[in-house]
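Visitor: I would like to learn how to read this model one feature at a time. Please give the general idea where there is one, and then the case at hand.

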Amino acid sequence: MKSGSRALGVAESYPGAARAPTDDAGDAHFSTDLSPESVLCGAVVRADRVVDGLAFETCTVGSDDATDAIASLYASLDREDVRYLLVSGIAPAWFNLVDIERLAADLDRPVLSVSFEESEGLESALAAHFSGAALDRRLAVYRTAPPRRPVEVNGETVFVRAAGCDDDEAARVVRGFTPSGGRPEPIRVARMAARAARRFAGD
C-alpha cells in the first residue's frame, strides 16, 4: 500500500440507552425521543497515518437511513482521491443496517465493513427486536451482504465483508491501513472524532 493512498473510515457514536421506540413494552425504559440520532464521522486517512479530512453526518437510531447517510457524508467531502471506504460494522445505530453492496456501486469504490468480534450472525437479534416490514427490510439487506472473512493483522483477527473488490484485496487494504494494533486507522480516527462530536453536542 503506497503511503499516500487514502481511505475514508466511517464510525458512529450514540448514547447506548438511546433506541427508537418500538411496540414492545419492554423498551419503555429507553429513550422516548421519536428520532434519537447517532453521530457519524468520516475520516480521510492516508496509509502513512496522516489525517487528511473530516466530515460529519447523522443517522436515526433504530431506523434504516445509515446507508444514505454514509453516501451523503462521502459526497460532502468531494474527495475523488479516496480509494477505499472502511465502515465500522454493518449495523450501526441499533440495527440501522448498511448496504455495502449499494454503497460500492453508487460510490464506485470498494467498501469494506470491518468488525472486531466473532459473531454467529444478526438474524436472531433482528427477529427479537423487529417484526413485519421493518424486519423484512433489514433481513433483505443483511442476507445480501457479502460474507464475513477473518483477516489476521498484527497478531489480531478482524472480520471483513468486502464489496467492490475480492477478499485478497480487502485483506491487503485492511493490513495496509492498520500500522499497529488491530483497528484500521481510518476507523479508529473516525470513532474518536464521532465520540468527541457527540459529547460536544451534549449527547
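Guide: This is a predicted model. We start with one residue, Ser 38, which is found in strand E2.

Visitor: Is Ser 38 buried or exposed?

Guide: Ser 38 counts as buried, because its relative accessibility is 0% and the cut-off for buried is under 20%.

Visitor: Which residues does Ser 38 touch, leaving aside those up to four places away in sequence?

Guide: Ser 38 touches Glu 12, Ser 13, Tyr 14, Glu 57, Thr 58, Cys 59, Val 61 and Ala 93. With Ser 13 there is also a polar approach: a polar atom of the Ser 38 side chain lies 3.4 Å from the backbone oxygen of Ser 13.

Visitor: Ala 93 is on that list. What is its phi?

Guide: Most residues other than glycine have a negative phi. Ala 93 has a positive value, near 50°. Ala 93 is found in helix H2, residues 92-95, and is buried, with a relative accessible area of 1%.

Visitor: Where else does a residue other than glycine have a positive phi?

Guide: Asn 154 is one of them, with a phi of about 50°. Asn 154 sits in the loop between E6 and E7 and is partly exposed, at a relative accessible area of 45%. Another is Asp 78, which follows H1 and has a positive phi near 55°.

Visitor: How do E6 and E7 pair around that loop?

Guide: Strands of a sheet pair through backbone hydrogen bonds, either parallel or antiparallel. In this case E6 and E7 are antiparallel, with 5 bridges. The two strands form a hairpin with 2 residues between them. Within the pair, Pro 150 stands opposite Phe 159 in E7.

Visitor: Which strand does E7 join through Ser 113 and Arg 161?

Guide: Strand E5, residues 111-115, is joined to strand E7, residues 156-163, by 5 bridges, and the two run antiparallel. Ser 113 stands opposite Arg 161 in E7.

Visitor: What is the strand order of the sheet?

Guide: The order is E3-E2-E1-E4-E5-E7-E6, in an open sheet of 7 strands with mixed pairing. Strand E3 (51-60) and strand E6 (149-153) are the edge strands, each pairing on one side only. On average, neighbouring strands of this sheet are turned by 30° against each other, direction ignored.

Visitor: Which strands does helix H7 lie across?

Guide: Helix H7, residues 185-200, lies across E1, E2, E3, E4 and E5, and runs at about 40° to E1. Helix H3, residues 100-107, lies across E4, E5 and E7, at about 60° to E7.

Visitor: How far apart are the end C-alpha atoms of H1?

Guide: They are 17 Å apart; the 12 residues of H1 (66-77) should span 16 Å at 1.5 Å a residue, so the two values agree.

Visitor: Which residues of H1 are buried?

Guide: An α-helix has 3.6 residues a turn, so residues three or four places apart point the same way. The buried residues of H1 are Ala 66, Thr 67, Ala 69, Ile 70, Leu 73, Tyr 74 and Leu 77. They lie on the same side of H1, because they cover an arc of only 165° around the axis.

Visitor: What do the buried residues of H1 pack against?

Guide: They pack against strands E1, E2, E3 and E4 and helices H2 and H3. Among these elements, E2 is the strand that holds Ser 38, and H2 is the helix that holds Ala 93.

How values were computed:
Residues numbered from 1 in each chain as written. Predicted model: local features only at pLDDT ≥ 70, side-chain atom pairs only at ≥ 80, totals over all residues. Heavy atoms only, no water. Pairing = 2+ DSSP bridges. Helix = DSSP H or I, 4+ residues; strand = E, 2+ residues; numbered from the N terminus. Axes fitted to C-alpha atoms, helices over the stretch in contact; angles between N-to-C directions. Contact = heavy atoms within 4.5 Å. Buried < 20%, exposed > 50% of the residue type's maximum accessible area, 1.4 Å probe, protein only. Polar contact = N/O pair within 3.5 Å; in protein donor to acceptor, adjacent residues only side chain to side chain. Expected span 1.5 Å × (residues − 1). Arc of directions from axis to C-beta.
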